[in-house]
Amino acid sequence: MAYGEKVLDHYENPRNVGKFDQSESNIGTGMVGAPACGDVMRLQIKVNDDGVIEDAVFKTYGCGSAIASSSLLTEWVKGKTLDEAKAIKNTELAEELALPPVKIHCSVLAEDAINAAVEDYRKKNA
Amino acid sequence: MNDKTNRPIYLDYSATTPIDERVVAEMIKYMGPEATFGNPASRSHSYGWTAEAATEDARQHVADLVGADPREIVFTSGATESDNLAIKGSAHFNQKRGKHIITCKTEHKAVLDSCRQLEREGYEVTYLDPEKNGLVDLEKLKAAMRDDTTLVSIMHVNNEIGVIQDIEAIGNACRERKIIFHVDAAQSAGKVPIDLANLPVDLMSFSAHKIYGPKGMGALYVQRKPRIRLEAQMHGGGHERGMRSGTLATHQIVGMGEAFRIAKQEMAMENERLINLRNQLWDGLKDMEEVYINGDFEQRVAGNLNISFNYVEGESLLMALKDLAISSGSACTSASLEPSYVLRALGRNDELAHSSIRFSMGRYTTSTDIETTIAHVRSAVEKLRDLSPLWDMFKDGIDIDSIEWAAH
Ligand SMILES: Cc1ncc(COP(=O)(O)O)c(C=O)c1O
């Protein structure tokens, strides 16, 4: 399979790889996917007192497109409010990365990941 | 990268091999207006006679490698066609005796899909589970045999994991029950000694392009004594004793003959070299954490090593290893997102199936290639594990199977 330039760039130089302490109250963690399906994404956001995402990190087990989708997402959510982050659509990620049809599910997974992370944060801070 | 060609290092010899220069030299003699271009079936002039002499020489070479009589060799377009002809041809011919067939879940798609077609036609097929090491358990095979079983089809060497089945023992069990035994030997001819004069095998499929011959060329061994009969799948001019019509592809056949002739001469030496390369590769990787060999290590063809790098996904690993030409799972199925059905049949869990890489070495692989490969693989696996949440969890001592994953 041939990969697009942007996928290759994120794959070779993934942004914001890392891990936050899940137990801290200002951290939201979303872990989605399943090993059996060949992709698992963990996306974490650090939220400040104004409800703005100050920092984001990820780790992904999956194909190059899954890695690129989550890497790009961490760039996009930084500086956004929780609602703004939740409004990011998988189609925008897919378009930016020029994902082929068989890889659209990777961007869907990334959208699921940010939604799960926001929900996790809100549940903790409810 | 290979320094000389500036192309990735080729470690996918199980998918296909380049045509040996010596084979190319023979084939060219049968192409072009000055060449021996006649139709081997033309009886009325020397163009035909010389072409026929060439195909019959080649038939002898093919037969010689596997201990067969040249009259037992039917030329086809490849192992796919040979498998189809063997399975559908014998099932159809013997349908009055019974409509039950036995095969194994790790067979090549050419065998499995021929069986699926027969199921659509009203046959019953038993798909045996292999043992964890990829080998068929003889007792389980015997237990599956029924009075209406007419055919057992078990491959010699598996294309993904390289394990060698004990076809002699399986064949003897078939003989006891008077069941026809077909063996797909696409991956074993020229790599494992085969002596059909003494093996209890009735039908055997061969492919030229797996042993340095041309693509689109193969053969089916059809035993003469006792005679095995097949219903033709390709009808026409009655070539190949009526079993496979179509003008003989002289240059292709000559190429296959030369490839088989060379294989007979060089197999022993080549295997020794390949075992050394395989050991070099495994020695360079085995101290890494969480790496697993798929398939039996001892009962394995010389050039194959199939390894799972746990917690790393195969497709991304291939992407990181773009300087190596390797495959994850079978080359035929890597276009889909399914993990390898062969590894699943061994009972490997999905993560391990998703993280498998097949390295297959061959005639032109060097020790320097392997050295480079080891370095690339180690750094790619390390990089991807740093990116893998599953690796984090493993390192934190979390049991991944204890988590309820949402399948998607
Ligand atoms: C075990 C096995 N059987 C059959 C085939 C098909 O052979 P061919 O490409 O000659 O049709 C292959 C190769 O892909 C194979 O590895």
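In the predicted model, helix α3 of chain B, spanning residues 79-93, makes the greatest contribution to the shell around the ligand, supplying three residues. The shell comprises 13 residues, of which T80(B), D184(B), Q187(B), S207(B) and K210(B) come nearest to the ligand. By residue class, the surroundings of the ligand consist of seven polar, three charged and three nonpolar residues.

Polar contacts to oxygen atoms of the ligand involve several side chains. For T80(B), a side-chain N or O atom is placed 2.6 Å from a ligand oxygen. A polar atom in the side chain of H209(B) is found 2.8 Å from an oxygen atom of the ligand, and in H108(B) the corresponding distance between a side-chain N or O atom and a ligand oxygen is 3.3 Å. On its own, the ligand has 400 Å² of accessible area, 87% of which is covered by the protein.

Chain B also carries a nonpolar surface patch of about 310 Å², formed by I19(B), V24(B), I28(B) and M31(B). Within this patch, I19(B) is situated in the loop that links β1 (9-10) to α1 (21-28) of chain B. The relative accessible area of I19(B) is 32%, and this residue is therefore classed as partly exposed, a category that lies between the limits of 20% for buried and 50% for exposed residues. Because patch members must have over 30% relative accessible area, the value of 32% for I19(B) satisfies this criterion.

Key: Residues numbered from 1 in each chain as written. Chains lettered and ligands numbered in written order. Predicted model: local features only at pLDDT ≥ 70, side-chain atom pairs only at ≥ 80, totals over all residues. Heavy atoms only, no water. Near = heavy atom within 4 Å. Polar contact = N/O pair within 3.5 Å; in protein donor to acceptor, adjacent residues only side chain to side chain. Areas by Shrake-Rupley, 256 points an atom, 1.4 Å probe, with all protein chains shown as cover. Helix = DSSP H or I, 4+ residues; strand = E, 2+ residues; numbered from the N terminus. Nonpolar A, V, L, I, M, F, W, Y, C, P; charged D, E, K, R; others polar. Patch = residues over 30% accessible without salt bridge, like charges linked within 9 Å, V, L, I, M, F, W, Y side chains within 5 Å. Salt bridge = Lys/Arg side-chain N within 4 Å of Asp/Glu carboxyl O. Buried < 20%, exposed > 50% of the residue type's maximum accessible area, 1.4 Å probe, protein only.
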